[in-house]
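Hi everyone, thanks for coming. I'd like to walk you through a structure that is probably new to most of you, so let's put it up on the screen.

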Amino acid sequence: MELKGSSMNEITIWHGSEKIIKNPTYGKGKGHNDYGMGFYCTESLELAKEWACKDIGIDGFANSYTLNTNGLNILDLSDKKYHVLNWLAVLADNRDFKTTLPIAKDGKEYLIRNFLIDIKQYDLIKGYRADDSYFAFARAFINNQINISDLEKAMRLGKLGEQIVIKSQKAFAQLKFLGYEKAQSNKYYHKRMKRNLDANSEFVKLLNDADIYGMHMIDIIRKGMKDGDECLRKSGNG
């Protein structure tokens, strides 16, 4: 896992919040986040400031930490040995992923059954951040509106960013608070909104230009595809 930092085993990460958090606590937080309970961070100061400003008129803070990754078991979902369906299965297993159409319900269950990674064994996870835009992309794929190649393209729209999630007590113990930078909502709230609007606008265009002949969720189910299937890697990560 290649992460930026001052040494091979130390990285600098940021957490956007409405408050200063000097001592992140293991075991706190929502269980239905993208990768379950954990402390959600990013390597990007700008993204952290955007994530800190959730409401107009309420300033936030980008809290800075160093993390010694020595001895940590790390899952990097952007690694080439994984594909977008692994990420989607983890998301479907953790988030409140409501489905209305029977085919979408079947798709969600199939993803979890065949592509889910056991994340309980990892101290740290790196992967896409599933905000509202990414959630829309995921639903569109499960509803067979876009194929797997279109989903891969959608994940890069708007540069919505990746996140680093501190999962284990061991990883929390290796966090060190450095300080914080204030995030002004009159700047970063609007930057956050623009980033999402850009992604949504590009996604609408992608939907209009969607390739009906690509590999859709229903094709994956009908062919009984499993994790490690070579044609999925060619269709997705290529």
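Please bear in mind that this is a predicted model. Let me begin with one contact between two helices. In α1, the residues Glu46, Leu47, Lys49, Glu50 and Trp51 meet Tyr188, Lys191, Arg192 and Arg195 of α7. What kinds of residues make up this contact of α1 with α7? There are 3 nonpolar and 6 charged residues, and no polar ones.

Now look at how the two helices lie. Helix α1 covers residues 45-52 and helix α7 covers residues 185-208, and their axes come within 8 Å and cross at roughly 100°. Angles from 65 to 115 degrees count as roughly perpendicular, and α1 and α7 are therefore roughly perpendicular to each other.

Let's stay with α1 for a moment. Is this helix mostly covered or mostly open? Mostly covered: 6 of its 8 residues are buried. They are Leu47, Ala48, Lys49, Glu50, Trp51 and Ala52. And what do the buried residues of α1 pack against? Their partners are the strands β1, β2, β3, β6 and β7, together with helix α7.

Over to α7. This helix has 24 residues, which at 1.5 Å a residue should span 34 Å, and its end C-alpha atoms are indeed 34 Å apart, so the two values agree. Its buried residues include Ser185, Tyr188, Tyr189 and Arg192, and further along Asn196, Ala199, Phe203 and Leu206. A reminder that may help when you look at that list: an α-helix has 3.6 residues a turn, so residues three or four places apart point the same way.

Next, the sheets. One is an open sheet of 3 strands, in the order β1-β3-β7, with antiparallel pairing. Why do β1 and β7 each have one side without a neighbour in the sheet? Because β1 (10-17) and β7 (175-183) stand at the edges, each with a single partner strand. From one strand to the next, the twist averages 25°. Strand β3, residues 60-68, pairs with β1 in the antiparallel sense over 8 bridges, and there you can find Gly16 opposite Ala62 in β3. Our helix α1 packs on this sheet, touching β1, β3 and β7, and its direction makes about 20° with that of β1.

There is also an open sheet formed by 4 strands, in the order β2-β6-β5-β4, and here the pairing is mixed. At its edges stand β2 and β4 (74-76), each with a single partner strand, so one side of each is left without a neighbour in the sheet. Ignoring direction, neighbouring strands of this sheet are turned by 20° against each other on average.

Within that sheet, have a look at β6, residues 162-166. How many of its 5 residues are buried? The number is 4, so to speak a mostly covered strand. With strand β2, residues 39-41, β6 pairs in the antiparallel sense over 3 bridges, and Cys41 stands opposite Ile164 in β6. With strand β5, residues 124-128, β6 pairs in the antiparallel sense over 5 bridges. Here Ile125 stands opposite Val165, and Tyr128 has Glu162 as its bridge partner.

To finish, please turn back to α1: its buried residues pack against strands such as β1 and β6, and against α7 too. Thanks for listening!

Technical notes: Residues are numbered from 1 along each chain as its sequence is written. This is a predicted model: local features need pLDDT of at least 70, side-chain atom pairs count only at pLDDT 80 or more; totals for chains, interfaces and linings use all residues. Side-chain values use heavy atoms; hydrogens and water are left out. Axes are lines fitted to C-alpha atoms, for helices over the stretch in contact, and angles run from 0 to 180 degrees between N-to-C directions. Angles under 35 degrees count as roughly parallel, over 145 as roughly antiparallel, 65 to 115 as roughly perpendicular and the rest as oblique. Contact means heavy atoms within 4.5 Å. Ala, Val, Leu, Ile, Met, Phe, Trp, Tyr, Cys and Pro count as nonpolar, Asp, Glu, Lys and Arg as charged, and the others, Gly among them, as polar. Buried means under 20% relative accessible area, exposed over 50%, partly exposed in between (1.4 Å probe, protein chains only). Two strands pair if DSSP finds at least two bridges between them. The expected span of a helix is 1.5 Å times one less than its number of residues.
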